[in-house]
Amino acid sequence: MEHQRCYIYEPQDTDERPAKRQRTSKTDSKGPQSERLATFRQLWHQQEKRIQASLDEVDKATQDQLVQFVSEAPTTSAACIPTGLVIAGPSIASHGPFFEHLGRRITDETDCTHVVLTGSESPNLKTLLKNLITKITSRTEEDDDLEIATTTRSGGPKLLNFDLAHVHRWQSKGRVKSIVVTIRDSEAFDSNVLVEMIDLFHSWLDRLPFVLLFGISTSAESFEDRLSGKSLRQLDGQKFDVTQSDEIVEKLFRATTASTEVQLQMGPNLMRRILDRQKDHVQNIQDYSDGIKYASMSHFFANHTSIFLQPDLSFRALDAHAFEAVRNLPSFRRRAEEMLDEGSTQEVRNMLDSDQFLFDLIIEEIRQGQQALHALNGAAVVLADIRRFLQMSPSVPLSSIWIRAASGELIGSPLLRETMLSIRKIPSNKLAQLLLALRGDSAITNYVDLTTYEDQLVELINSTDTTEPLRSQHDVRNESMRTTVVAQKVLLSKHKAALSEQDKAYSELIGNFHDNLERYFAEAFIDPRALFLSEILIYDLKSPHADAFQPRPRFAIERALASPQDYLGSESCGVDSDEGALSISQPATALVYQLYLESGPLINISDLWTAFSSMCGQEGNDGESKTMALFQRALAELKLLGLLKPTKKKTDHVAKMMWKGL
Amino acid sequence: MPHAIVNSCECINGRHLLEQTVAACLDALDDGVVEKIDRRPYARTENLSALAVALQRMLQDWGRAKFVLVFDGIDGQREAPPTLLPALARFGETIPNLCIILITTLPVALMLRKPGTPHLHFSPYDRNSLLAILGLNPPKIFLTPPNEEQFPDYTPDLAAEDDAWLWNRFLAAVWDSLSKHTGRDLTSFRNTALRTWRPFVQPVVDGTFGTRDFSRLMVNRRHLFQLEDSVLDKIIAQPIANGTAVNGAPPTPSTKLIAMKKTIAHDLPYYTTHLLIAAYLASYNPSRTDTTYFMKHTDKRKNKRKVFQNGLSSKSKHRRIPRHLLTPSPFPLDRLLAIFRSLLEDHVPQVADLYTQIATLTSMRLLVRVGGVGSTDPLDAGSKWRVNFGWEWVRTLGRGVGIEVGEYLVGGVDG
C-alpha cells in the first residue's frame, strides 16, 4: 500500500443497528432543568450580593485610606514621588479585583486618573511607557482625540510613542490633579525596569504629578531590598495593609453559609474541605466563593428534587417525576417507616398516592426545615459571639463552631459546656455589655427575651449602693480554699463565702439566663441530617467538588502507568487478582514504567531491555524486532511524559527524572 | 545666551535623545523670534549624522552669537550608540556658532577621543563647605511656638537664633559620627541630619533640657549617633526608636528579631510555608546529605544536629564560610517535593494545589527558575529552581510552624 498516495474509504453496507443504542423514550425534557437553572440563578444572585457586600465592607477601610492618601498627595514641587506600598498578601489572584475596585473609587471620588500596570505587559521600560501612555491618554473623550491629531499635524519632529511628553501635552490642558500609577504585582517586575521607571518619573515630577502605588505580596522590606538607594531616596511613602485573607474568609463565611437567610444550606463536610483548602493551600477569596457557587450549581443540576427550593412554586408547574424522585429519597422512606410505626397508615398512603397531598407536605416541610437550619446558623453565630465577647482562651472561629454544629456534634461537647460554665461566672457589668451586644442578633432575640433580663439587671444594680460589680455564686472570688490537716494528711476543701442579698438575687438572675440560653442551644443545635427532606435542603457531596477544585494530575498519570487495570478494566490487563503483579497483557509502557520504578537514578538501557524482552519476548522470526518496537515505543512515551531523559553521565544509560508519589 | 538643555535621564534610548535634541534646539531658536522656523525638514532624526545635518541647517542662517547645547548626565544615557560621545565632541568643528557642554558624573576625557577638550572639575564639598551650606537653613526646634503667655520673652528672633546655634553644633556632630563614614555627599548628609533632628531635639521640646544644653543633649541622645537607622534610605519614613533613651543601651538582637517578625505582614498557608522551607533546604544542603537528614526509616531525632554554639566552630582548622552566606544552589523540582513530604509528619495528597502554589511563589519571586537549556518549557521535569530569600526570613517562617530550620541545615548556623 505504500506506493499509493491516497486511500478510498469504503464502508461495508450493513443493515445492522449501530453498536450504541439510541435513546427512544423522551424521559428527560428540558423543562424542569431550565426551571432549576432559573431557581439557581435567583438564589445565587442573592448570595452573590451578600458576598459582594461583605467584600466591599472588608476592603473599605484600606481603600478609604488609600483614596485619602492619593487625594492628599502633594501635586508638584515635591522632592519625592508620593508612594503607597500596598501589602496585599500572598493571594495574587485577589490583587486584580482589589486594585480594579480601588481604581474605580479613585477616579470617582478624586480628581485623579488611575492606571494599572502589570508585570506581564511591562517586560522593559519602553513597553511599560507605551502601555502607560496609551492607558492614560485613551481616557479622554472623542473631541480631545481630534485636538491631539491637530497638534501633531504641524510637521515638526514627531514624538516617539514612548515619550512622556504625550502625557505632558495631555496633562497641560489641566485635566487631573495627579496621575496614579499602580504597579499591581511589583514582584513580577524586573528590578531594573522598576529602578529606571522611578528614575524617569522622578525627573518628570516637576511637570507631571505622579503618585505611585505598589502592590506587594511579600513584605515592604523585601521590596525595598530590590531597589537601589537612589530610587529609595526618590520615593516617599506610606504602608497600607490589606485585611488578612483568613479574616476575609471568616467574614464571607458569616455572610454566606452561616447566614440566616440562605436557602440552600452547604453541608459540614463540604465546608470543611473548602475551609481546609483555604488554610492549607491557597488563600484566595475568589476560590472560596467559586466553591460555593459550584456546589449550588451541582445541587441544582443533578438533583431533580431541588426544584422544590424555588420560591412561589405552583403545583401545576411540576411533573410527576419530581414527586417520584421525592418518594425515593432516604429521608422520605425513613419518615414513612416512622409514620407506619406510629400507625398513621392513611397519611402514608396519601403521601404515596396523591401528588397534591405530597406537594403541600413538601412545601410545609421545606419551610420548617429551612427555619430549623436558620435557627442552627443563628445559634452558631450567637455562640461564637459569646465566646469572642468573653475572650475565651482557645479562640475558635465561627467556621469551626458552625461545622461542628452542622454535623450535630455540638450538643454535649466540651466547647459548649465550657462556654455555659463561664457564663454562670460573669460579673454584672460584663453581663450588661453581653446583653447589649447580643441584642443585634435577631436569632436569639426571637427566643430569649433579653429585655426582661436587662430590666431586671438594671433594677438590681440600682438597688445596690456599691460601685463594685455584682458577682454570682459561681464566681471564683466567692470561693476560697481551705487546708486542714487531719491525721497527718492534708485535706483541701472549698469554701463559699457568704453572699450578700444582691449577689444572691444576681445569682438567681444569671441562673435563669443560663438555663434559658441552654434551652435555646439545646433546641437549635439539632442534627440537620436527620431532618425530613434534608437531601433537598442540604448539599454535602464530596466527589464533584474534589474533582473540580483539587485535581490530581500527577497521581492520575502515575496510577495509570503503575496499575493500568484501574483504567482499562481487568479483561485487557489480565485477570490477575494480585495487585501490582506484572502481566504480559498489560500495555508495554506500563510494563517499562514498572521496571523503571524499581531502578535507581541512572538506568542501564541494556538491562531494561533484557528484563523487558524476557518478560514479553515473542517467539518466531521477527519476534525480537516486534518486541524491540514495543520497547522503543514505550521508552519514547516515557520520555514524552518527562520521566526519562538521555544523560551524558554514563554511556548506555538514561536518567530517571521523576519519582512516584511526590 | 540662547541655549537648549537635554536631560539624558528622560531619554529612553539613543534615538530618543537625538529627537529630543532637535526639538529642544528648535524651541530654543524659536524663542523670542517673530519668524518661526519651518519645522518640516526636521521631522525625523534617525542617527547622529542626521542630527549633525539638522543642526547645521538650523544654525547656518542664524547670524547671531554662539548657541549653547547642554547635555545633562550624558554618561548615563540608556542604549547610547558607541559613537555618541566622540561625535558630539566634534560637532563644534563642523558646525559654526555651536558650543556643546557635556555634564557628566565621571571624567569622560578619554571617551571623547579628542585631545584638548577643556573641562571643569567640580570637586566634592569638604567638611567646612558642607556645614556652611546646610547651616544656612536651620530647621525649627519647636514646630509649634511655645505658649506666649508662659514665655513672653521668647521672641521669634530668639527662637531662630537658638535654632541656628543648635543646628550648627548638631550638624558637626552628625558629620563626625555618622556621615563621615557613610555618605559624604550633600544629599545623604542632609537626609541623615534631617532624620535625626526631630528625635534629637525631643527633650528640648519636652522641656527636659534648655535650648543651649548641647552637651547634655548629646549624652542623653547618644544612641542616635550609635545606630545605623538614620543612615539607611527607606521609602517609609520610620520614626527612630525613642524607647532606648531610658537605659541608653542600643537595642539588643532579640528586640530586633521581634521587629523583624512584625514585618511578615501576612501569614502564608501551612503547606506553602513548608514548601518554602523545603526549597531553602534543597538549595542550601548538598543532595548527598539528603539520606542522612530526611530518610524516614531512621530515627529522625538522631539526624537533627545541634545548633552550633559560638566558639565551638572556631576550633576547627579550616575556617569555612557558613553555607547560609553563600549563594543558593539550584535543585530539581522533585527534590523539593521529596524534602517537603519528609518534613511533614502526615500524608499530603498529590493535589494540583501544590503546583499552583509553586507557580504562585515563582510569580512572587520567592522561588526562581534557573536559566538553562530546557528552562523555557514549564513542564520539563529536569528544570532547576533556586530560592530567592535569606536565612533570617526562613528561620522566622520555620518557627511559625514549629520547625527549627537550623537543625536540618548541613553545617549548622552560628547563633
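Reader: Does Asp652(A) count as buried or exposed?
Author: This is a predicted model, in which local features need pLDDT of at least 70 and side-chain atom pairs count only at pLDDT 80 or more, while totals for chains, interfaces and linings use all residues. Residues are numbered from 1 along each chain as its sequence is written, and chains are lettered from A and ligands numbered from 1 in the order in which they are written. With 10 C-beta neighbours inside 10 Å (20 or more others within 10 Å make a residue buried, 12 or fewer exposed, and those in between partly exposed, with C-beta atoms placed from the backbone), Asp652(A) counts as exposed.

Reader: What is the phi of Asp652(A)?
Author: Asp652(A) is found in the loop between strand S11 (644-646) and strand S12 (653-656) of chain A, where helices (H or I, at least four residues) and strands (E, at least two) are DSSP runs, numbered from the N terminus. Although Asp652(A) is not a glycine, its phi is positive, at about 60°.

Reader: How many helices does chain A have?
Author: Chain A holds 662 residues, of which 32% are buried. Among its contacts between residues at least 6 apart in sequence, 76% join residues at least 24 apart, a contact being two C-beta atoms, placed from the backbone, within 7 Å. Along with 12 strands, the number of helices in chain A is 28.

Reader: Which helix gives the largest share of the largest nonpolar core?
Author: The largest nonpolar core (buried Ala, Val, Leu, Ile, Met, Phe, Trp, Tyr and Cys residues joined through C-beta atoms within 7 Å) has 69 residues, and Leu252(A), Leu376(A) and Trp402(A) are among those with the most contacts inside it. Its largest share, 11 residues, comes from residues 355-390 of chain A, which form helix H15.

Reader: How many residues are in the other core, the one with Val167(A) and Leu18(B)?
Author: In the largest core, Ala379(A) is one of the residues with the most contacts, and, leaving aside neighbours within four places in sequence, Ala379(A) is in contact with Ala443(A), Tyr520(A), Phe521(A), Ala524(A) and Phe525(A). Apart from that core lies another, with Val167(A), Phe240(A), Leu18(B) and Tyr42(B) among its residues, which number 68.

Reader: Which residues of H2(B) does H1(B) meet?
Author: On the side of H1(B), the residues that take part are Leu18(B), Thr21(B), Val22(B), Cys25(B) and Leu29(B). Across from them in H2(B) stand Leu51(B), Ala54(B), Leu55(B) and Met58(B).

Reader: Which helix of chain B gives the most to the side that touches chain A?
Author: Between the two chains, 50 residues of chain B are in contact with 58 residues of chain A. Helix H1 (14-30), helix H6 (186-206), helix H9 (270-284), helix H12 (333-343) and helix H13 (352-363) of chain B each supply at least two residues of this side of chain B. The helix that gives the most, with 6 residues, is H13(B).

Reader: Which strands of the open sheet of S4, S6 and S5 in chain B stand at the edges?
Author: The strands of this sheet follow the order S4-S6-S5 in chain B, with antiparallel pairing, where pairing requires at least two DSSP bridges between two strands. S5(B) is joined by 3 bridges to strand S6 (residues 384-387) of chain B, and in S6(B) the bridge partner of Arg369(B) is Trp385(B). Because each has a single partner strand, one side is left without a neighbour in the sheet for both edge strands, S4 (331-332) and S5 (367-369) of chain B.

Reader: Which elements of chain B do the buried residues of H12(B) pack against?
Author: In H12(B), the residues that are buried are Leu333(B), Arg335(B), Leu336(B), Leu337(B), Ile339(B) and Phe340(B). Within chain B they pack against H9, helix H10 (290-294), S4 and S6.

Reader: What stands opposite Val6(B) in S2(B)?
Author: Strand S1 (residues 3-7) of chain B has a covered face, made of Ala4(B) and Val6(B), and an uncovered one, made of His3(B), Ile5(B) and Asn7(B). S1(B) runs parallel to strand S2 (residues 67-72) of chain B and is joined to it by 5 bridges. In S2(B), the residue opposite Val6(B) is Phe71(B).

Reader: What distance separates the C-alpha atoms of Arg195(B) and Ser230(B)?
Author: Arg195(B) has its place in helix H6 of chain B and is buried, because 22 other C-beta atoms lie within 10 Å. Although Arg195(B) and Ser230(B) are 35 residues apart along the chain, their C-alpha atoms are separated by 6.1 Å.
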